[in-house]
Amino acid sequence: MDKQLVRVKRNLDACETPLSKYIFLASLHDRNETLYYKILMEHMGELAKIVYTPTVGEASQMAQSIYRRPRGMYFSTEDRGNMSAMVYNWPQDEVDVIVVTDGSRILGLGDLGANGMHIPVGKLSLYVAAGGIKPRAVLPVVLDVGTNNKELLNDPLYLGMPHPRIEGDEYYEFVDEWVTAVRSRWPDVLIQFEDFKNPHAYQLLSRYKNKIRCFNDDIQSTSSITLAGILASLKARGMTQDDLANERIVCVGAGSAGVGVCEGIVDCMMDQGRIKSREEGYSKIYMLDQFGLLGNANVGTSEGHQGKEAESRRQKREQEFDAQQRHYVKHDLPDQLPLEDVIRHAKPSVILGLSSARGAFTEEAIREMARHHEKPVIFPLSNPDSHAECTAEQAFKWTDGKAIFASGTAFDEVQLPNGVIGKTNLCNNAYSFPLYIKGIGLGVTVSKASRVTDRMFLETARTIAEMATPDQLKQGQLFPPIDKLRQVALDIGTRVCEIAYEDGVATTVLKEGELLSEIVRKSAYEPEYTPLVYQPRF
């Protein structure tokens with residue numbers, strides 16, 4: 001294997017573009033799965049951004065053109081009524097983890113329909129390499145319910161169903177049939193919902209979270225790793241995790257990811273006992289959508305425009321907010337207030353970007369933050385890099401090198417004029433999440449937890465926030481180094497197992513004297529060749 005690794009790495013390095021490297025690795029995945037995972041583990045820092053973001057975004061956009069061989073399962077609108085039989089087409093009797101998407105909100109790229117299969121494939125590759133799940137026990141799935149992407153519908157090579165997306169009761173009945181089908185064959189499977197648009201993302205999570213073993217990656221996982229970054233930034237600023245309730249936070253992005261992250265922050269404040277109600281937590285967060293602040297349409301309205309016209313506008317605007325977004329409406333501030341004005345009013349210590357709007361963090365807004373805080377926390381979390389709210393170079397330039405920076409896509413460290421290196425952190429559910437939180441999947445699988453609880457994500461965030469050393473925090477590095485990824489995943493897996501037993505949702509029966517840490521360690525996959533012929537040793 002050592003020689004094979006050298007040969008494969010040399011050929012991989014000869015590929016001239018990230019997409020050509022992606023295609024090369026996909027081919028290796030098809031012909032030699034063991035070697036594929038070995039090279040991923042040996043070069044995770046380099047290859048995670050090839051098999052996942054940002055390169056997977058380009059691969060998804062071009063899926064119909066670079067198609068070579070099928071991988072995973074597609075359940076389409078033509079398969080309704082047959083899904084319970086279809087699941088037996090999959091050759092593996094043991095499936096521990098399914099990552100499923102309907103392709104409706106792929107990264108920051110929007111509706112890519114059946115092309116979204118590259119997302120579950122990439123996520124599960126990282127589940128195996130970083131989280132230790134066995135490769136034969138994972139299943140990538142696309143629910144092909146159509147697409148509203150006219151470019152794809154008009155492309156003769158498009159592999160998905162060539163019709164607009166089904167919606168309403170028809171959509172939820174389709175998902176119900178699929179969930180019933182996969183659980184009929186694999187009753188203990190962990191289902192990870194990935195890249196579903198709102199409101200489907202929240203409604204599906206609400207529909208299933210207390211009934212089956214499942215979670216939504218964009219809502220819960222992004223929330224957990226972002227919370228970990230914020231908690232670690234508190235330590236980097238000389239405070240403790242308990243000071244979270246004193247933060248003022250601006251979140252640019254009011255979709256499933258933005259709301260999910262903010263809900264996780266409020267959950268943590270409540271769990272710390274530092275606030276008396278969720279409403280108090282919501283008051284510390286200022287949320288903006290593509291139009292500006294979620295505020296009151298009547299505030300700031302001139303006398304001549306009050307009355308029926310203003311009330312009609314207010315009602316229309318509020319009807320556009322879903323139930324989760326309404327918690328964040330600032331009734332004392334004008335609706336659609338621009339970011340710069342929100343910064344001037346709130347003087348936030350933290351700004352989060354989950355908008356998929358390139359350049360949403362303006363120089364004026366970031367410089368205003370830096371006027372009020374010695375170390376402003378700037379997290380442009382949208383990916384791929386073409387959708388980042390700002391770059392690392394911009395963040396450090398606009399704050400005179402004082403920023404604590406984490407992003408949703410990889411940025412190189414920044415050489416500052418004074419010779420100091422501006423440290424960047426990768427903080428998203430596509431990279432940091434697989435490296436550090438894939439232990440959740442491992443822990444849930446080992447404990448056979450009946451449900452994935454909110455406390456698992458909360459405790460994972462707290463654990464990660466404690467992993468960087470004081471020297472690393474001083475330099476602005478919030479997360480443990482990549483070369484510790486497998487050990488970190490095992491530590492998280494063990495902690496998740498403990499929580500499963502503490503919360504009474506674990507179903508695995510422990511033998512007397514067994515240590516959870518040892519069970520988790522022994523359960524983790526290692527890419528090794530298995531001899532085909534038994535050769536006894538004398």
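Me: In this predicted model, a disulfide is a pair of cysteine sulfur atoms within 2.5 Å; how many disulfides does a search of the whole structure find?

Reply: The sulfur of C251 has its closest cysteine sulfur in C262, at 3.8 Å, which is too far for a bond because a disulfide needs the two sulfur atoms within 2.5 Å. For C214 the closest cysteine sulfur belongs to C497 and lies 18 Å away, so this pair is also too far for a bond. Across the whole structure, the number of disulfides found is zero.

Me: Is C251 buried or exposed?

Reply: The relative accessible area of C251 is 0%, and since the word buried applies under 20%, the cut-off is met. C214, with a relative accessible area of 1%, is likewise buried. The term for C251 is therefore buried.

Me: Which element gives the largest share of the lining of the largest pocket?

Reply: The largest pocket holds about 770 Å³ of space, and of the 43 residues that line this pocket, the closest to its centre are G253, G255, L354, S355 and S356. Elements that give two or more residues to the lining are α12 (217–236), α13 (256–272), β7 (285–289), α15 (308–320) and α17 (339–346). The largest share, three residues, comes from α13.

Me: Which residues that UniProt places under "binding site" are included in the lining of the largest pocket?

Reply: The UniProt record, an unreviewed entry, places the feature "binding site" at three positions, R105, N383 and N428, and such an annotation may be inferred rather than shown by experiment. Taking these positions to the computed lining of the largest pocket, one finds there R105, N383 and N428.

Me: Why does R105 count as partly exposed, and what is its relative accessibility?

Reply: R105 is found in the loop between β2 (97–101) and α8 (118–131). Leaving aside neighbours within four places in sequence, R105 is in contact with G110, D195, F196, K197, D218 and S256. Partly exposed covers the range between under 20% and over 50%, and R105 counts as partly exposed because its relative accessibility is 22%.

Me: Which backbone oxygen does the side chain of N383 reach?

Reply: N383 has its place in the loop between β12 (377–380) and α19 (392–398). At 9% relative accessibility, under the 20% cut-off, N383 counts as buried. Its side chain comes to 3.3 Å from a backbone oxygen, which is within the 3.5 Å used for a polar contact, and the residue that carries this oxygen is G408.

Key:
Residues are numbered from 1 along each chain as its sequence is written. This is a predicted model: local features need pLDDT of at least 70, side-chain atom pairs count only at pLDDT 80 or more; totals for chains, interfaces and linings use all residues. Side-chain values use heavy atoms; hydrogens and water are left out. On a 1 Å grid over the protein atoms alone, a cavity is a set of points where a 1.4 Å probe fits but cannot get out, and a pocket is an open set with protein on both sides within 12 Å along at least five of seven lines; lining residues have an atom within 4 Å of a point. Helices (H or I, at least four residues) and strands (E, at least two) are DSSP runs, numbered from the N terminus. Buried means under 20% relative accessible area, exposed over 50%, partly exposed in between (1.4 Å probe, protein chains only). Contact means heavy atoms within 4.5 Å. A polar contact is a pair of N or O atoms within 3.5 Å; within protein, one must be able to donate a hydrogen and the other to accept it, and residues adjacent in sequence count only if both atoms are side-chain atoms. Grid points are joined across faces, edges and corners, and a volume is the space filled by probe spheres set on the points.
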